[in-house]
Amino acid sequence: MIPVVLDTDIGTDIDDTWALAMLLNSPEVQLRAVVTSHGDARYRALLAAKFLESAGREDVPVGEGVADGLLPADRRGQQAWLAGYESANYDGPYRTDGAQLLVDTVRASPEPVTVLCIGPASTTAAALAMAPEIAVKAHFVGMHGAIRRGYGGRPNPVPEYNVFMDVAAFRSVLAAPWPVTLTPLDTCGIVTLDGDEYATVRDADTAPMRSVMANYRAWAKAIGRPELAEQRSTTLFDTVAVYLAFADHLLEMETIRLAVRDDGLTFESADGRPVNAAMGWRDLPAFRRLLIDRLADTA
């Protein structure tokens, strides 16, 4: 199994929660730790801890990562699901030094660790600053950027959220001497579930999916769209990064040279950093089937 540390901004967009469920149900990987980034790292870490607890995975350490503590009420769509949950409720290791947890996890592993980042890379960048040598023992996989297409498959790339919210952090990731694999919006920005496919996961009677749906319903209600949770998923950007942590044969991978503007726009440049990027789909329907199997535990 591939050892993985997840760096996530769970609790703002709902796709991180779906990604965590997929990760827990992927036998190819072993989740070694979860750290959080951006905004209110404590809120995010508590969500991750409660989710892990609901799935019976209190063995996974959780760490509050790098953030400014500022997150508006309208960006805390899963707050209601926490229902007063505190760090003391978590039976597993819970730390307030998430960057150090990431460093410690990589250092302790006898084999290379995949740092799977599905939010702004603030905590990963802090870990690199503290211990640059961890890049020699790690591989970075991220949901970052928009290279040839933007949100929803639109033909014009735009600054992508996980990059523009902390451009300096993403530049640190690109500067580190580790392999970098990315799903930009070009591929992850068109992944959704609806119809019978969505109904299969919505109605799945498994612990992770019960928690996903409880969170999704809370989130959808908080944004004033409660019907969404019954009808279809939102865009499941981060699930593609989870897939890339263990496989890539359903995607068209290219080695491109990537640079980042100050506003967060990612673009190909002769002077850019070589990265392995998922630029297209070989078989998107097959990915959706795999995603459904993992989420609903039907495999």
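**Exercise 1. Which residues in α2 meet which residues in α10?**

The model is predicted, with local features needing pLDDT of at least 70 and side-chain atom pairs counting only at pLDDT 80 or more, while totals for chains, interfaces and linings use all residues. Residues are numbered from 1 along each chain as its sequence is written, and side-chain values use heavy atoms, with hydrogens and water left out.

Solution.
- Step 1: locate the helices. Helices (H or I, at least four residues) and strands (E, at least two) are DSSP runs, numbered from the N terminus. Helix α2 covers residues 41–54 and helix α10 residues 207–222.
- Step 2: list the contacts, that is, heavy atoms within 4.5 Å. Leu47, Phe51 and Ser54 of α2 meet Ala207, Pro208, Ser211, Val212 and Asn215 of α10.
- Step 3: sort these residues. The contact of α2 with α10 has 5 nonpolar, 3 polar and no charged residues. Here Ala, Val, Leu, Ile, Met, Phe, Trp, Tyr, Cys and Pro count as nonpolar, Asp, Glu, Lys and Arg as charged, and the others, Gly among them, as polar.
- Step 4: describe the geometry. The two axes come within 8 Å and cross at roughly 145 degrees. Axes are lines fitted to C-alpha atoms, for helices over the stretch in contact, and angles run from 0 to 180 degrees between N-to-C directions.

**Exercise 2. Give the strand order of the sheet and place β10 in it.**

Solution.
- Step 1: apply the pairing rule. Two strands pair if DSSP finds at least two bridges between them.
- Step 2: read the order. The sheet is open, has 10 strands and mixed pairing, and runs β4-β3-β2-β1-β5-β6-β7-β10-β8-β9. Its edge strands, each pairing on one side only, are β4 (94–95) and β9 (266–268).
- Step 3: take the partners of β10. Strand β7 (residues 180–182) pairs with β10 in the parallel sense over 2 bridges, and Leu182 has Ala277 of β10 as its bridge partner. Strand β8 (residues 251–260) runs antiparallel to β10 and is joined to it by 8 bridges; Leu258 has Arg273 of β10 as its bridge partner.
- Step 4: check burial, where buried means under 20% relative accessible area, exposed over 50%, and partly exposed in between (1.4 Å probe, protein chains only). In β10 (residues 273–281), 7 of the 9 residues are buried.

**Exercise 3. Which strands does α4 touch where it packs on the sheet?**

Solution.
- Step 1: start from a pair of strands. Strand β2 (residues 29–36) and strand β3 (residues 62–63) pair in the parallel sense over 2 bridges, and the bridge partner of Val35 in β3 is Gly63.
- Step 2: add the helix. Helix α4 (residues 98–108) touches β1, β2, β3, β4, β5 (113–117) and β6 (138–142), and its direction makes about 155 degrees with that of β2.

**Exercise 4. Identify the residues with the most contacts inside the largest nonpolar core.**

Solution.
- Step 1: define the set. A nonpolar core is a set of buried Ala, Val, Leu, Ile, Met, Phe, Trp, Tyr and Cys residues joined through side-chain atoms within 4.5 Å.
- Step 2: name the residues. The largest core has 72 residues, and Trp18, Leu31, Leu116, Tyr216 and Phe287 have the most contacts inside it.
- Step 3: note the other core. Another core, of 37 residues, lies apart from the largest one and includes Val5, Val113, Ala176 and Leu258.
- Step 4: follow Tyr216. Not counting residues up to four places away in sequence, Tyr216 touches Ile14, Trp18, Tyr198, Leu228, Ala229, Arg232, Ser233 and Thr234. Trp18, Tyr198, Tyr216 and Trp219 form one aromatic cluster.

**Exercise 5. Why is the pair of Tyr161 and Phe164 classed as it is?**

Solution.
- Step 1: state the rule. Rings of Phe, Tyr and Trp (its six-membered ring) pair if their centres lie within 6.5 Å; planes under 30 degrees apart count as stacked, over 60 as edge-to-face and the rest as tilted. The count comes to 9 aromatic pairs.
- Step 2: apply it. The ring centres of Tyr161 and Phe164 are 5.7 Å apart and the planes stand at 75 degrees, so the pair is edge-to-face.
- Step 3: add the setting. Tyr161 and Phe164 are 3 residues apart in helix α6 (residues 161–164), separated by about one helical turn. Tyr161 is partly exposed at 22% relative accessibility, and Phe164 is partly exposed at 36%.
- Step 4: take another pair. Tyr243 and Phe246 are edge-to-face, at 5.6 Å centre to centre and 80 degrees between the planes, and both are buried.
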